[in-house]
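Work through the following exercises with the sequence and the three-dimensional view side by side. Each task is followed by a solution that goes step by step.

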Amino acid sequence: MKQYDTVVIGTSAGGLGALTAILSVLPENFKLPILVVQHQPADADDFLHRHLNDLCQLNVKEASPGELIVAGRVYIAPRGYHLLVEESHRFSLSVDLPVNYAIPSIDVLFESAADVYKAKLIGVILTGANNDGALGLKEVKAQGGLTIVQAPDTAEVSCMPQAAIGMTKIDHILSLNEIASFLTKLNDVKDTDND
Amino acid sequence: MKNKKNIENDEIDCLLEAIWRRYGYDFRHYSRASIKRRIRHHMGLSDCQHISEMIPKIFHDESFFESLLNDLSISVTQMFRDPVVFNSIRQQIFPKLKTYARINIWHAGCSTGEEAYTLAILLEEEGLLNRAQIYATDFNNASIDKASRGIYPLKSLQNCNELYLSSGGKHKISDYYHANYEAIKFKQSLVDHITFAHHNLTCDQVFAQMHLILCRNVLIYFDKTLQNHVLDLCRDSLVSQGFLVLGDKENLDFTSVREDFDNFSQPHRIYRKRAGW
Ligand SMILES: C[S@@+](CC[C@H](N)C(=O)[O-])C[C@H]1O[C@@H](n2cnc3c(N)ncnc32)[C@H](O)[C@@H]1O
């Protein structure tokens with residue numbers, strides 16, 4: 001089984017429930033860092049990462065600029081900034097124009113992560129109401145990474161999964177439970193490989 | 001053999017080197033991921049197929065450089081961004097500045113000027129504007145030109161009154177400008193206390209005797225080396241016990257000036273230069 005270095009997840013409307021369903025079942029020893037963009041209104045508070053941190057075994061925090069990306073942590077993009085990954089595996093942030101009406105934008109994170117992690121990246125698109133992430137996921141695939149999309153008929157809002165599927169030949173189209181067990185299995189493989 | 005992406009990184013290195021040699025603008029210490037995005041975006045608008053094709057244009061076409069610079073400098077800004085911070089400047093910093101006969105403020109990386117006008121409004125409401133001078137600087141001449149005109153599209157002020165009120169605003173934001181259908185112009189009494197000027201944080205000199213420096217959402221684009229350089233500049237420009245305000249996601253931890261400043265209001269990224277410095 002091919003080894004992966006990082007998971008990126010993008011979602012908007014309905015994302016809180018979807019993220020909770022996946023992240024709360026991942027085991028404490030999960031080996032990959034997970035970088036998340038969830039669209040939020042500009043005046044939202046920091047409920048999202050606190051809430052997820054309470055429910056998950058993994059440590060969930062807001063990504064800060066210059067921070068080194070560490071395995072087994074979940075990083076949430078802060079509101080009002082695009083989140084990018086540097087070659088040094090550190091985060092950078094940008095105050096910039098919205099992309100697809102969104103800041104943070106999923107496309108921006110996915111494209112910069114694909115640049116850095118190339119074939120070792122897993123890109124995941126979940127429920128959402130616009131088409132942000134479709135181009136980003138295409139870039140993940142172009143760099144040889146693995147693409148996963150939530151099955152549209154299982155998504156609270158199906159636009160975003162559908163847009164992603166429309167643009168790229170997706171490797172796995174799965175329900176939330178299936179995505180969670182897929183990632184967990186991957187981790188078990190990584191575990192034995194490392195022994 | 002190098003793959004396509006590694007070649008692209010080398011092309012970007014060469015392009016930034018060309019900009020540096022030809023114009024003295026140093027983007028080599030900017031965070032690469034943002035720069036790469038901007039360069040790709042700019043290439044998409046040009047007739048170049050590869051990033052390296054932009055290099056001869058950099059050397060021989062100044063207008064091409066100007067427009068690339070405009071893209072690289074990321075000039076997005078707004079009035080009263082993070083209103084709680086401006087409230088804290090109003091409530092906590094201004095009372096400490098009241099003792100000075102003349103108040104010097106440096107706004108570094110002011111972009112198109114919205115934050116400088118924000119500050120002028122605050123000073124006016126706290127009765128300090130008549131003794132204050134704001135030096136607002138940026139290295140992007142197009143932004144500085146726009147800032148000096150003080151004219152903004154009316155629609156860019158959407159939600160602005162709300163933000164203004166949550167920053168502790170005492171009147172209506174519309175008291176501070178003249179408006180027609182599409183545009184607003186800030187009142188001359190505010191404009192008179194702001195000097196907009198070109199200044200490049202990577203290579204230009206300190207500003208002497210500043211009581212307050214705002215440098216928000218600029219350091220996030222810089223690597224550690226350049227951050228330390230700019231923070232040294234800020235420290236050396238401040239009077240003893242002067243104030244430094246950074247952006248919401250910026251802080252002094254792990255920087256070369258950490259020991260030179262006390263935390264004044266940690267959640268609002270407000271620092272105060274230690275006495276005796
Ligand atoms: C995202 S804007 C921030 C504007 C404003 N301070 C705010 O927070 O809304 C960043 C600004 O930093 C300026 N900047 C970047 N590098 C600079 C340099 N070396 N010297 C001066 N200004 C610089 C850019 O031109 C841009 O206007």
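**Exercise 1: A loop with unusual backbone geometry**

In this predicted model, A:Y101 lies in the loop between β6 and α3 of chain A. Determine what sign the phi of A:Y101 has, and whether A:Y101 is buried or exposed.

Solution. Begin with the backbone: phi of A:Y101 is near 65 degrees, which is a positive value in a residue other than glycine. This deserves a remark, because most residues other than glycine have a negative phi, and most peptide bonds are trans. Next take the accessibility: A:Y101 has a relative accessible area of 83% and is therefore exposed, the cut-off being over 50%. Finally, look further along the loop between β6 and α3 of chain A, where A:P104 is found; the peptide bond that joins A:I103 and A:P104 is cis, with omega at about 5 degrees.

**Exercise 2: A positive phi in chain B**

Find where B:N217 lies, and decide whether B:N217 is buried or exposed.

Solution. B:N217 belongs to the loop between β7 (210-215) and α10 (224-237) of chain B. Although B:N217 is not a glycine, its phi is positive, at about 60 degrees. The relative accessibility of B:N217 is 11%, so this residue counts as buried, the limit being under 20%.

**Exercise 3: Salt bridges between the chains**

The structure holds 30 salt bridges over all chains. Take the ones formed by B:K36 with A:E87, by B:R37 with A:D96 and by B:R40 with A:D115, and work out where the partners lie and how accessible each of them is.

Solution. Step one concerns B:K36 and A:E87, whose closest N and O atoms are 3.8 Å apart. This pair crosses between chains, running from helix α2 (residues 32-45) of chain B to the loop between β5 (82-85) and β6 (91-94) of chain A. B:K36 is buried at 7% relative accessible area, whereas A:E87 is partly exposed at 41%.

Step two turns to B:R37 and A:D96, with 3.4 Å between the closest N and O atoms. Here too the pair crosses between chains, from helix α2 of chain B to the loop between β6 and α3 (106-117) of chain A. B:R37 is partly exposed, with a relative accessible area of 26%, while A:D96 is buried, with 6%.

Step three takes A:D115 and B:R40, which meet at 2.9 Å, N to O. Because A:D115 lies in helix α3 of chain A and B:R40 in helix α2 of chain B, the pair joins two chains. A:D115 counts as buried at 5% relative accessibility, and B:R40 as partly exposed at 24%. Salt bridges that share partners connect A:E87, A:D115, B:E8, B:K36 and B:R40 in one network.

**Exercise 4: Two helices of chain B**

Establish at what angle the axes of helix α1 (residues 4-23) of chain B and α2(B) cross, and which residues make the contact.

Solution. The two axes come within 11 Å and cross at roughly 90 degrees, so α1(B) is roughly perpendicular to α2(B). On the side of α1(B), the contact is made by B:K5, B:E8, B:N9, B:I12, B:D13, B:L15 and B:L16; α2(B) contributes B:R32, B:I35, B:K36, B:I39 and B:R40. Sorted by kind, the residues of this contact divide into five nonpolar, one polar and six charged.

Terms used:
Residues numbered from 1 in each chain as written. Chains lettered and ligands numbered in written order. Predicted model: local features only at pLDDT ≥ 70, side-chain atom pairs only at ≥ 80, totals over all residues. Heavy atoms only, no water. Salt bridge = Lys/Arg side-chain N within 4 Å of Asp/Glu carboxyl O. Helix = DSSP H or I, 4+ residues; strand = E, 2+ residues; numbered from the N terminus. Buried < 20%, exposed > 50% of the residue type's maximum accessible area, 1.4 Å probe, protein only. Axes fitted to C-alpha atoms, helices over the stretch in contact; angles between N-to-C directions. Parallel < 35°, antiparallel > 145°, perpendicular 65-115°, else oblique. Contact = heavy atoms within 4.5 Å. Nonpolar A, V, L, I, M, F, W, Y, C, P; charged D, E, K, R; others polar.
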